[in-house]
Amino acid sequence: MPHRLKVGDIMSRDVITLAEDDTLADAHASMERGRIRHVPVVRDGRLVGLLTHRDLLAASFSVFAEVSEKEQHRLFARIPVRELMHDAVTTTPSASVREAARLMLDNKFGCLPVVDGKGCLQGIVTEADFVRLTVRMLEAIQA
């Protein structure tokens, strides 16, 4: 039954992560390579922050608006992720899918990192995970 689904049932487990010392250029490359918009930042397996594509865009437009693209790349290669990352609202694998969906919807979050009781990253649940779930449910209804 859909109302009994847990976040652990739908989350993505193979998560691309960054370290605080990685650069914004590393973050941009990871997002491009993985075709993703949200990258958890971890230290010793524990979640310490989140960096989003929107964060990178905001930095590009606000901080570097007056510099060339080449200069922007050079600056991105020198700025560590810790300078731009922010705290993330999280969930747990045992949380209900409905609770996670409501949290994302009410707060306009694109993702929720999934952590265990010690703050260790277990996965991430994104809007795409909810779209996949919706497709599976619609297919089940039609079957």
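The exercises below concern the predicted model shown above, each with a worked solution.

Residues are numbered from 1 along each chain as its sequence is written. In this predicted model local features need pLDDT of at least 70, side-chain atom pairs count only at pLDDT 80 or more, and totals for chains, interfaces and linings use all residues, while side-chain values use heavy atoms, with hydrogens and water left out.

**Exercise 1. Overall layout**

Task: State how many helices and strands the chain has, and give their order.

Solution. Helices (H or I, at least four residues) and strands (E, at least two) are taken as DSSP runs, numbered from the N terminus. The chain holds 6 helices and 4 strands. Read from the N terminus, the order is α-α-β-β-α-α-α-β-β-α. The C-alpha trace extends over about 55 × 35 × 25 Å along its principal axes. With contact meaning heavy atoms within 4.5 Å, 59% of the contacts with a separation of 6 or more are between residues 24 or more positions apart.

**Exercise 2. The β3-β4 hairpin**

Task: Determine in which sense β3 and β4 pair, and over how many bridges.

Solution. Two strands pair if DSSP finds at least two bridges between them. Strand β3 covers residues 111-115 and pairs with β4 in the antiparallel sense, over 5 bridges. One of the bridge partners is Leu 121 in β4, which faces Val 115 in this pairing. Between the strands of the hairpin lie 5 residues, and Gly 119 has a positive phi near 85°. As for burial, a residue is buried under 20% relative accessible area, exposed over 50% and partly exposed in between (1.4 Å probe, protein chains only). In β4 (residues 121-126), 5 of the 6 residues are buried. For the chain of 143 residues, the buried share is 37%.

**Exercise 3. Phe 76**

Task: Decide whether Phe 76 is buried or exposed, and locate Phe 76 in the fold.

Solution. Phe 76 belongs to helix α4, residues 69-76. Its relative accessible area is 6%, so Phe 76 is buried. Leu 24 stands 52 residues away from Phe 76 in sequence, yet their C-alpha atoms are 4.9 Å apart.

**Exercise 4. Cysteines**

Task: Explain why Cys 111 forms no bond with Cys 120.

Solution. A disulfide is a covalent bond between the sulfur atoms of two cysteines. The criterion is a pair of cysteine sulfur atoms within 2.5 Å. The closest cysteine sulfur to that of Cys 111 is in Cys 120, at 18 Å, and therefore too far for a bond. Cys 120 is likewise in no disulfide. The count is 0 disulfides. Cys 111 is buried, at a relative accessible area of 5%.

**Exercise 5. Two pockets**

Task: Describe the volume and lining of the largest pocket and of the second largest pocket.

Solution. On a 1 Å grid over the protein atoms alone, a pocket is an open set of points with protein on both sides within 12 Å along at least five of seven lines, and lining residues have an atom within 4 Å of a point. A volume is the space filled by probe spheres (1.4 Å) set on the points, which are joined across faces, edges and corners.

- The largest pocket holds about 350 Å³. Its lining has 18 residues, with His 38, Thr 52, Lys 108, Phe 109 and Gly 110 nearest the centre. At least two lining residues come from each of β2 (46-52), α3 (53-62) and β3.
- The second largest pocket has about 280 Å³. Among its 13 lining residues, Ser 12, Ile 36, Arg 37, Ile 124 and Thr 126 are closest to the centre. Here β4 and α6 (127-142) each give at least two residues.
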